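Welcome! Please take a moment to look over the chain below, and then we can walk through some of its side chains together.

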Amino acid sequence: MPREIITIHVGQCGLQVGADCWELFCLEHGIQPDGMNPGDTSVGSCEDAYNTFFSESSAGKNVPRCVMIDLEPTVADEIRTGQFRNLFSPSSLISGKEDAANNFARGHYTVG
């Protein structure tokens, strides 16, 4: 049975660190910013170590197993328009319309 790891990134810092982490995973395993791995000869098989972190589509595209959540859309939008925009599934980037303005009570009781 193959191992699978799902990462959850929350908040501005979580999204920024998570995006850098996934960029590093791609560099370490030879995965291009669009999710393709030209050196992968085992498309459809779970033999490679990076399949622990990535889900492979039938077309051979590697998609990170992650969820990124933030109240403010700015950081998520940077990921959506950045160099690795084609790597992430749009459904894994969840953002609100406004932030909590560094106020815990506002984020806990109203916005969040």
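What follows is a short tour of aromatic rings, a histidine, charged pairs and a surface patch. Keep in mind as you read that this is a predicted model.

**The aromatic rings**

How many aromatic pairs does the count come to? The count comes to three aromatic pairs. In one of them, the ring centres of W22 and F25 are 5.1 Å apart and the planes meet at 85°, so this pair is edge-to-face. Angles over 60 degrees count as edge-to-face. Both W22 and F25 belong to helix α1, which covers residues 11-29, and they sit three residues apart, about one turn of the helix. W22 has a relative accessible area of 0%, so it is buried. F25 is buried as well, because its relative accessible area is 16%, and the cut-off for buried is under 20%.

W22 also pairs with F54: here the ring centres are 5.2 Å apart and the planes are at 75°, so this pair is edge-to-face too. This pair links distant parts of the chain, since W22 is in helix α1 while F54 is in strand β2 (residues 54-56), 32 residues apart. W22 and F54 are both buried. Taken together, W22, F25, F53 and F54 make up one aromatic cluster.

**A histidine beside the tryptophan**

Which residue has a side chain joined to that of W22 by a polar contact of 3.3 Å? That residue is H9. H9 is part of strand β1, residues 7-10. Is H9 buried or exposed? With 11% relative accessibility, H9 counts as buried. Leaving aside residues up to four places away in sequence, H9 touches several others, including G14, L15, G18 and W22, as well as C66, V67, M68 and I69.

**The charged pairs**

Side chains of opposite charge can pair when their charged atoms come close. In this structure, a search of the whole model finds two salt bridges, and the table sets them side by side.

| Salt bridge | Closest N and O atoms | Accessibility of the Arg | Accessibility of the acidic partner |
|---|---|---|---|
| R65 with E4 | 3.5 Å | R65: 16%, buried | E4: 54%, exposed |
| R80 with D77 | 2.8 Å | R80: 31%, partly exposed | D77: 35%, partly exposed |

Let us take the pair of R65 and E4, whose closest N and O atoms are 3.5 Å apart. R65 lies in the loop between β3 (62-64) and β4, and E4 lies in the segment before β1, so the salt bridge ties together parts that are 61 residues apart in sequence. R65 is buried, as its relative accessible area is 16%, whereas E4 is exposed at 54%.

Now for R80 and D77, with their closest N and O atoms 2.8 Å apart. Both residues lie in helix α2 (residues 73-81), and they are three residues apart, about one turn of the helix.

**A nonpolar patch on the surface**

Which residues make the nonpolar surface patch? I6, I8, V10, I69 and I94 make it, and the patch has an area of about 480 Å². One of these residues, I69, is found in strand β4, residues 66-70. I69 has a relative accessible area of 32%, so it is partly exposed. You have already met I69 above, as it is among the residues that H9 touches.

Conventions:
Residues are numbered from 1 along each chain as its sequence is written. This is a predicted model: local features need pLDDT of at least 70, side-chain atom pairs count only at pLDDT 80 or more; totals for chains, interfaces and linings use all residues. Side-chain values use heavy atoms; hydrogens and water are left out. Patches are made of residues with over 30% relative accessible area and no salt bridge: like charges are joined within 9 Å, nonpolar side chains (Val, Leu, Ile, Met, Phe, Trp, Tyr) within 5 Å. Accessible areas come from the Shrake-Rupley method with a 1.4 Å probe; for residues, only the protein chains shown count as cover. A salt bridge is a side-chain nitrogen of Lys or Arg within 4 Å of a carboxyl oxygen of Asp or Glu. Helices (H or I, at least four residues) and strands (E, at least two) are DSSP runs, numbered from the N terminus. Buried means under 20% relative accessible area, exposed over 50%, partly exposed in between (1.4 Å probe, protein chains only). A polar contact is a pair of N or O atoms within 3.5 Å; within protein, one must be able to donate a hydrogen and the other to accept it, and residues adjacent in sequence count only if both atoms are side-chain atoms. Contact means heavy atoms within 4.5 Å. Rings of Phe, Tyr and Trp (its six-membered ring) pair if their centres lie within 6.5 Å; planes under 30 degrees apart count as stacked, over 60 as edge-to-face and the rest as tilted.
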